[in-house]
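Notebook open, structure loaded. I want to look up a few buried spots, the charged pairs and any enclosed space.

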Amino acid sequence: LGSLEKVYFIVQRADGSYQLGPGLLELSSIYQDSFDLRQFVQPALERLVSETGEGATFFVLEGGQQLCLFRVDGRQSIRDYSIRLGDRRPLDRGAAAETFRRFGPAEGPFRADTLVSTSFGSVNPEMGALAAPVFAPGDRLVGVVTVSGPVSRLTPAHAASIIPILVREARGLSLMLGASPGLIRP
């Protein structure tokens, strides 16, 4: 405890108990200065594509619209080409838009079966998508991760097999970004 006190990671109160100290703020700022969202999101999207064969996207909310910040195309020859990096979309339809509407601000804890939004043909008549929220410190919604593909392949059975994979990656991203561990229940 003495070592932690010397660097102000903890401080002793007048009653003899301890609390976290201001030295932790310095660690937080070092982490924030070195933080690169891509280093967390890109591997998660690549795992989604590898395990599902479908495209994976990470959207953020920007200026009242959803913005495609990261994208990894699916491995199939017929895939969702309608989403590109930098695309902006309104919040009126689609799985990602529904997720932004449902989870901002967070009111968790959320169970895995309540996390995923789906959309089949609402943005593009030939495409479907599944989306899950990604949270950050303070359990605030930071973005939405989606898996998308042709509705001919994204059948209810295939979509059901994707949901646990999508939730696992959304939960993992949320934890890596600093959300409360109990916010998303497996």
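Is Thr 146 buried or exposed? I looked up its relative accessibility and got 2%, so Thr 146 counts as buried, the cut-off being under 20%. Note to self before going on: this is a predicted model.

**Entry 1: around Thr 146**

I placed Thr 146 in strand β9, which runs over residues 140-150. Then I listed its contacts, leaving out residues up to four places away in sequence. Thr 146 touches Gly 55, Ala 56, Thr 57 and Phe 59, and also Ala 96, Leu 130 and Ala 131. I picked Thr 57 from that list for the next look-up.

**Entry 2: Thr 57**

Thr 57 sits in strand β3, residues 55-62. Its relative accessible area came out at 0%, so I have it down as buried. Skipping residues up to four places away in sequence, I found that Thr 57 touches Leu 45, Cys 68, Phe 70, Arg 71, Ile 83, Val 144, Val 145 and Thr 146. I also checked one C-alpha pair: Thr 57 and Phe 70 are 13 residues apart along the chain, and their C-alpha atoms are separated by 5.7 Å.

What joins the side chains of Thr 57 and Arg 71? I found a polar contact of 2.7 Å. That sent me to Arg 71, which counts as buried at 10% relative accessibility.

**Entry 3: the charges around Asp 73**

Side chains of opposite charge can pair when their charged atoms come close. I followed Arg 71 to its partner and found a salt bridge with Asp 73, with 3.3 Å between the closest N and O atoms. Asp 73 is partly exposed, at a relative accessible area of 24%.

Arg 84 forms a salt bridge with Asp 73 too, and there the closest N and O atoms are 3.3 Å apart. Arg 84 and Asp 73 both lie in the loop between β4 (65-72) and β5 (88-89), so this pair ties together parts that are 11 residues apart in sequence. For Arg 84 I noted a relative accessible area of 33%, which makes it partly exposed.

**Entry 4: other salt bridges**

How many salt bridges does the structure hold? I got 8. One of them joins the side chains of Arg 93 and Asp 92, at 3.9 Å from N to O. Arg 93 is partly exposed at 40% relative accessible area, while Asp 92 is exposed at 52%. I also picked up a network of salt bridges that links Arg 47, Glu 51, Arg 168 and Glu 169.

**Entry 5: enclosed space**

Rolling a probe the size of a water molecule over the atoms shows where empty space is left. I searched the whole structure and found 1 cavity of 30 Å³ or more. The largest cavity holds about 190 Å³ of space.

Which residues lie closest to its centre? Of the 20 that line this cavity, I wrote down Ile 83, Arg 89, Ala 95, Val 123 and Ala 129 as the closest. Ile 83 was already in my notes as a contact of Thr 57. The elements giving two or more residues to the lining are α4 (95-103), β8 (127-136) and β9. Strand β9 is where I had placed Thr 146. Sorting the lining by class, I got 8 nonpolar, 9 polar and 3 charged residues.

Methods
Residues numbered from 1 in each chain as written. Predicted model: local features only at pLDDT ≥ 70, side-chain atom pairs only at ≥ 80, totals over all residues. Heavy atoms only, no water. Helix = DSSP H or I, 4+ residues; strand = E, 2+ residues; numbered from the N terminus. Buried < 20%, exposed > 50% of the residue type's maximum accessible area, 1.4 Å probe, protein only. Contact = heavy atoms within 4.5 Å. Salt bridge = Lys/Arg side-chain N within 4 Å of Asp/Glu carboxyl O. Polar contact = N/O pair within 3.5 Å; in protein donor to acceptor, adjacent residues only side chain to side chain. 1 Å grid on protein atoms, 1.4 Å probe; cavity = no way out; pocket = protein on both sides within 12 Å on 5 of 7 lines; lining within 4 Å. Points joined across faces, edges and corners; volume = space filled by probe spheres on them. Nonpolar A, V, L, I, M, F, W, Y, C, P; charged D, E, K, R; others polar.
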